[in-house]
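User: I am a first-year student, and I should like a close look at one part of this protein. Please begin with a single helix and then explain the surroundings step by step.

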Amino acid sequence: MKTPVGTLLLVLLLCCCDCFAAPSAELRIVVLGDSLTAGYGLPQEAAFPARLEEALKHRGRQVRVVNAGVSGDTSMGGLARLDWSLGDDPDLMIVELGANDALRGLSPQQTRENLDRLLARLQQQGVQALLTGMKAPRNMGEDYYTKFDQIYPDLAQKYDLPFYPFFLAGVVGDPELNQADGIHPTRAGVDVIVRSILATVEEALDKIATQREGDNIP
């Protein structure tokens, strides 16, 4: 039985369309943080942004992850350089700030206000944010750490954000996963963080894709 010529032409046309179809657009992720994401004490290829990019690509995601971490930065510092970080034209911004605020005993209310303004700005710019939480040292006292720790879930709820409750989960306090200072993760510690946060990052990327599909519906 012969296949109609018209059917063969249609099949060939569809194959050609597939061959020349434009690849999916690469998504850009900017990690706005402090030394924990900047890669303090590590080569850049072992820092959190680089390891996250590698993990996402391994899962078939077309992404570029930009390291916008600055060692010693506070929430105020992150807010002050937000416009500079937006210059990288991110689709997603991972916000990891506040650890230095707590270490310096800065007012939890000021940290809250800084992060609130930062997230509001991202929302105004139409940039999806993923907020990572931080916990204050327990030697700061219960009143301080209770107020500080609550900043992150409150803001994640306010802005309806993908939220990773504690950036150092599974790493803090483990000498094998921390450098000699007991604060900054080793290469192995970074990998633990990446594995743990990966599902939340993919949730944020899927949220972006869903929003864009909705925008394209006539």
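Analyst: The part chosen is helix 3, which spans residues 48-58 and has Phe-48, Pro-49, Leu-52, Glu-53, Ala-55 and Leu-56 among its residues, each of them buried. Around the axis of helix 3 these residues span an arc of only 165°, so they lie on the same side of the helix. Just beyond the end of helix 3 comes Gly-60, whose phi is positive, at about 85°.

Before going further, one should note that this is a predicted model. The average pLDDT of the protein is 91, and 87% of the residues reach a score of at least 70. Residues 7-23, by contrast, have a pLDDT below 50, and this stretch makes one contact in the model beyond near neighbours in sequence.

After helix 3, the next element to consider is a strand. Strand 2 has seven residues, and five of them are buried, so strand 2 is largely enclosed by the rest of the structure. Strand 2 runs parallel to strand 1, and seven bridges join the two. One pair may serve as an example: Val-30 has Val-66 of strand 2 as its bridge partner.

These two strands belong to a wider arrangement. The open sheet consists of five strands in the order 2-1-3-4-5, with parallel pairing. At its edges are strand 2 (63-69) and strand 5 (163-164), each of which pairs on one side only. Helix 7, residues 108-125, packs on this sheet and touches strand 1 (27-33), strand 3 and strand 4. The direction of helix 7 makes about 175° with that of strand 3.

Further along the sheet, strand 3 (residues 92-96) and strand 4 (residues 128-132) run parallel and are joined by four bridges. Within this pairing, Met-93 has Ala-129 of strand 4 as its bridge partner. Across strand 4 and strand 5 lies helix 8 (residues 142-158), at about 160° to strand 4.

Strand 4 also contains Gln-128. The relative accessible area of Gln-128 is 9%, so this residue counts as buried, the limit being under 20%. Setting aside residues up to four places away in sequence, Gln-128 touches Asp-91, Leu-92, Met-93, Leu-161, Pro-162, Ala-204, Lys-207, Ile-208 and Gln-211.

The nonpolar interior can now be described. In soluble globular proteins, nonpolar side chains tend to be buried together. The largest nonpolar core here has 62 residues, and the members that touch the most others are Leu-119, Leu-122 and Val-201. Helix 9 (residues 187-215) makes the greatest contribution to this core, with 10 residues. Leu-122 touches Leu-82, Leu-86, Met-93, Val-95, Val-127 and Ala-129, again leaving out residues up to four places away in sequence. Met-93 and Ala-129, the bridge partners mentioned above, are thus among the residues that Leu-122 touches.

Finally, the protein as a whole may be considered. Its secondary structure comprises nine helices and five strands. From the N terminus on, their order is α-β-α-α-β-α-α-β-α-α-β-α-β-α. Of the 218 residues in the protein, 47% are buried. Among the contacts between residues at least 6 apart in sequence, 75% join residues at least 24 apart.

Note on methods:
Residues are numbered from 1 along each chain as its sequence is written. This is a predicted model: local features need pLDDT of at least 70, side-chain atom pairs count only at pLDDT 80 or more; totals for chains, interfaces and linings use all residues. Side-chain values use heavy atoms; hydrogens and water are left out. pLDDT is the predictor's confidence in each residue, from 0 to 100. Contact means heavy atoms within 4.5 Å. Two strands pair if DSSP finds at least two bridges between them. Axes are lines fitted to C-alpha atoms, for helices over the stretch in contact, and angles run from 0 to 180 degrees between N-to-C directions. A nonpolar core is a set of buried Ala, Val, Leu, Ile, Met, Phe, Trp, Tyr and Cys residues joined through side-chain atoms within 4.5 Å. Buried means under 20% relative accessible area, exposed over 50%, partly exposed in between (1.4 Å probe, protein chains only). The arc is that of the directions from the helix axis to the C-beta atoms.
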